Amino acid sequence: MNITFSKGLNRLICALVFSLILPLAGCDQQGDRSLSDSAEQQETQTLAVRLLEADLERGELLAYSCRACHTLGPDEDHIIGPNLYGVFDRAAGSVYGFDYSDVLLEVDFIWSPEILDEWLADSNGFLPGNNMRFAGFSSGADRADVIAYLLQVTMDPAL
Ligand code: HEC
């Protein structure tokens, strides 16, 4: 099997997986949401409003794309990206033992749901030169679903 073939095969598998999983993930709440809000309205809604309508189960599915590079649980190892447990309220570029890009080391902000929303919309536009190779989610509803899920699983319940 040469490289071109396996790339093509990968794409095919991805396309199949996505065409099977996404409609399933979106079948109930998504349908209601698109009836009540046009795509344009969803994009202009603030994150707070989008979070109120967030679908946690869909967020869990979408977060599998993060898990390709990030662990989410306590005391888990960094992989391609840093472990994200406790990311909310943590200073950007501050996890011990992860080799960040210079740009992420130089910034001075705390991760909040709002900032993560901007990062996931377009991480390169938000912080040019960072090392996260991820296209992001153009849909504001998708970002809200993932953020709602991450708020649940990456926050220390004792805090
Ligand atoms: C292809 C791998 C990859 C994917 C997929 C990916 N990330 Fe990342 N992520 C990275 C890398 C690498 C960094 C470090 C970037 C740097 O140092 O510039 C990073 C950094 C981050 C940071 C900054 C963490 C910190 O400590 O400052 C956040 C937050 C983040 N990613 C969230 C996500 C979320 C949420 C998803 C899924 C929606 C995701 N990432 C998908 C590779 C990825």
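These are my notebook entries on the ligand, its iron atom and a few residues that I looked up in this predicted model.

**Entry 1: the iron atom**

I began by asking which protein atoms serve as donors of the iron atom of the ligand. I found NE2 of His 70 and SD of Met 132, which lie 2.0 to 2.2 Å from the iron. Turning to the geometry, I noted 6 donor atoms with angles of 87 to 178° among them, and the site is octahedral. For comparison I wrote down that the ideal angles for six octahedral donors are 90 or 180 degrees.

I then looked up where the two protein donors sit, and I saw that the pair links distant parts of the chain, 62 residues apart. His 70 belongs to the loop between helix H6 (64-67) and helix H7 (102-106), while Met 132 belongs to the loop between helix H9 (123-126) and helix H10 (140-153). I also checked their accessibility, and both His 70 and Met 132 are buried.

**Entry 2: the surroundings of the ligand**

Next I asked how many residues surround the ligand. There are 28, and the closest are Cys 66, Cys 69, His 70, Ser 101 and Met 132. I recorded that the ligand sits in the largest pocket. The elements that give two or more residues to the shell around it are H6 and helix H8 (113-121), and H8 gives the most, with 3 residues.

I went on to the oxygen atoms of the ligand and listed three short distances to N or O atoms of the protein:

- In Ser 101, a side-chain N or O atom is 2.5 Å from a ligand oxygen.
- In Tyr 100, a side-chain N or O atom is 2.6 Å from a ligand oxygen.
- In Gly 93, a backbone N or O atom lies 2.8 Å from a ligand oxygen.

**Entry 3: Arg 50**

I looked up Arg 50, which lies in helix H4 (residues 47-52), and asked whether it is buried or exposed. Arg 50 counts as buried because its relative accessibility is 6%, and the cut-off for buried is under 20%. The side chain of Arg 50 makes a polar contact of 2.8 Å with the side chain of Asp 117, and a polar atom of that Arg 50 side chain also lies 2.9 Å from the backbone oxygen of Gly 140.

**Entry 4: Pro 74**

Last I turned to Pro 74, found in the loop between H6 and H7. Pro 74 has a relative accessible area of 48%, so I noted it as partly exposed. Its C-alpha atom is separated by 7.8 Å from that of Thr 154, although the two residues are 80 residues apart along the chain.

Key. Residues numbered from 1 in each chain as written. Predicted model: local features only at pLDDT ≥ 70, side-chain atom pairs only at ≥ 80, totals over all residues. Heavy atoms only, no water. Donors = N, O, S within 2.8 Å, 3.2 Å for Na, K, Ca; no water. Tetrahedral: all angles 85-135°; square planar, octahedral: opposite > 155°, others 65-115°. Helix = DSSP H or I, 4+ residues; strand = E, 2+ residues; numbered from the N terminus. Buried < 20%, exposed > 50% of the residue type's maximum accessible area, 1.4 Å probe, protein only. Near = heavy atom within 4 Å. Polar contact = N/O pair within 3.5 Å; in protein donor to acceptor, adjacent residues only side chain to side chain. 1 Å grid on protein atoms, 1.4 Å probe; cavity = no way out; pocket = protein on both sides within 12 Å on 5 of 7 lines; lining within 4 Å. Sits in = over half its atoms within 2 Å of the grid points.
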